[in-house]
Amino acid sequence: MLGPVILAASRSDRMRRLISAAPVTKQVVDRFIPGEDVDDIVPVVRDLADNGLELTMDVVGEDITNPAQAAAARDAYLELVDRLKPLELGTRAEMSVKLSMFGQALEDGHELALKNVRPVVEAAAEIGTTVTLDAEDHTTLDSMFAIHEELRKDFPQTGCVIQAYLFRTEADARRLAAGGSRVRLVKGAYKEPASVAYQDKHEIDRAYIRILRTLMEGEGYPMIGSHDPRLIAIGQELAHQAGRKLDEYEFQMLYGIRTDEHLRLAAEGHRMRVYTAYGTDWYGYFMRRLAEKPANLRFFARSMLTKG
């Protein structure tokens, strides 16, 4: 299985230096990350919106080692909100945040992350949009869910992400669905031990379908995070069975992957949101995209062989 190997490489400084220095890397990375700063991303936002797509934006970077870096991450999102305001897209352009960027892993990290993320959620609400808290490895989730619950007291549209491969997620989904939460369901992209997560692809797919049924039958707003054609079709059927209208759930896919499918779903009247990342600290994000889908790795390797 290549996925765990690639995830291990994502934490290797040596591999970071090697891949970052490869001449072809930037060209390939641009497939997934369309810019390094907010000036790069605004035209991308306009283009996607003009094509009937919605966005969730992620300022990439997770290796936060001190409070000043966490504050800088907060400020980067506040700058993004400021640049989104004149576009007047409302919830068509929301944001995704990783609490590790806001200091979650530092001393007193739970309180620090909540302190840093709250101004971003407040600023997003002021321009008519919202924020989704991304899931990270299983050791961070209790803190993430607690922060999500706290933010929803004042900003009930704050979303969160759950990962189908974790054993705990079915119970988390029932709680979130009953509470009316916005929830993005993904398979999961972190290396997790067999004691907490399914390791077999078919088991993960079956768990995904069970959890998605729970979300569709609940009181919240399901966000189907998948590029898998079978799961997309099942999601449509489950939404139909639950009596949901097209604006009562949405699909989400990564920028640069299955672009034609983005446009097809939008043309059919579905809400189709593109997860669009930008920033200079792209390495960890890029490596997880390779780990999630072998076709991405083949694309990268072929490019390095033919253009390096």
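Okay, let's start with a question: which residues are exposed on the other side of α11? Hold on to that while I set the scene.

What you're looking at is a predicted model. The protein chain has 13 helices and eight strands. It runs to 308 residues, and 54% of them count as buried. If you take contacts between residues at least 6 apart in sequence, 74% of those join residues at least 24 apart.

Now the middle of the picture. The eight strands make a closed barrel, going β1-β2-β3-β4-β5-β6-β7-β8, and the pairing is parallel. On average, neighbouring strands in this sheet are turned by 30 degrees against each other, if you ignore direction.

Let's zoom in on β1, residues 54-59, which pairs in the parallel sense with β8, residues 272-278, over six bridges. For example, T56 has Y275 as its bridge partner in β8, and M57 has T276. On β2, which is residues 93-97, β1 also runs parallel, this time with three bridges. There M57 stands opposite M95. So M57 is a handy residue to click on: you'll find T276 of β8 as a bridge partner and M95 of β2 opposite.

How many residues of β1 are buried? Six of six, so the strand is mostly covered. In a regular strand, side chains alternate between the two faces of the sheet. Here E54, T56 and D58 point one way, while L55, M57 and V59 point the other way, and all of them are buried. Yes, that list includes E54 and D58.

Back to α11, then. This helix is residues 259-267, and it packs on the sheet, touching β7 (250-254) and β8; its direction makes about 165 degrees with that of β7. Its buried residues are E261, H262, L265 and A266. Those cover an arc of only 135 degrees around the axis, which means they sit on the same side of α11. And here's the answer to my opening question: on the other side, D260 and A267 are exposed. What lies over the buried ones? The cover includes α10 (229-241), plus β7 and β8. One more thing to spot there: just after α11, G269 takes a positive phi of about 100 degrees.

Next, a pair of helices. Have a look at α5, residues 67-84, and α6, residues 109-126: they pack at an angle of about 10 degrees, with axes 9 Å apart. That makes α5 roughly parallel to α6. On the α5 side, the contact is made by P67, A70, A71, R74, Y77, L78 and V81, and on the α6 side by L112, N116, P119, V120, A123 and A124. Sorted by class, that contact has eleven nonpolar residues, one polar and one charged.

Last stop: A177, which sits in helix α8, residues 169-178. Is A177 buried or exposed? With a relative accessible area of 5%, A177 is buried, because anything under 20% counts as buried. Leaving out residues up to four places away in sequence, A177 touches T214, L215, G218, E219 and G220. And if you look at Y221, that residue is 44 residues from A177 in sequence, but 7.9 Å away in space, C-alpha to C-alpha.

That's my tour. If you want one place to start, go to β1, with β8 and β2 as its parallel partners.

Conventions. Residues numbered from 1 in each chain as written. Predicted model: local features only at pLDDT ≥ 70, side-chain atom pairs only at ≥ 80, totals over all residues. Heavy atoms only, no water. Axes fitted to C-alpha atoms, helices over the stretch in contact; angles between N-to-C directions. Helix = DSSP H or I, 4+ residues; strand = E, 2+ residues; numbered from the N terminus. Parallel < 35°, antiparallel > 145°, perpendicular 65-115°, else oblique. Contact = heavy atoms within 4.5 Å. Nonpolar A, V, L, I, M, F, W, Y, C, P; charged D, E, K, R; others polar. Pairing = 2+ DSSP bridges. Buried < 20%, exposed > 50% of the residue type's maximum accessible area, 1.4 Å probe, protein only. Arc of directions from axis to C-beta.
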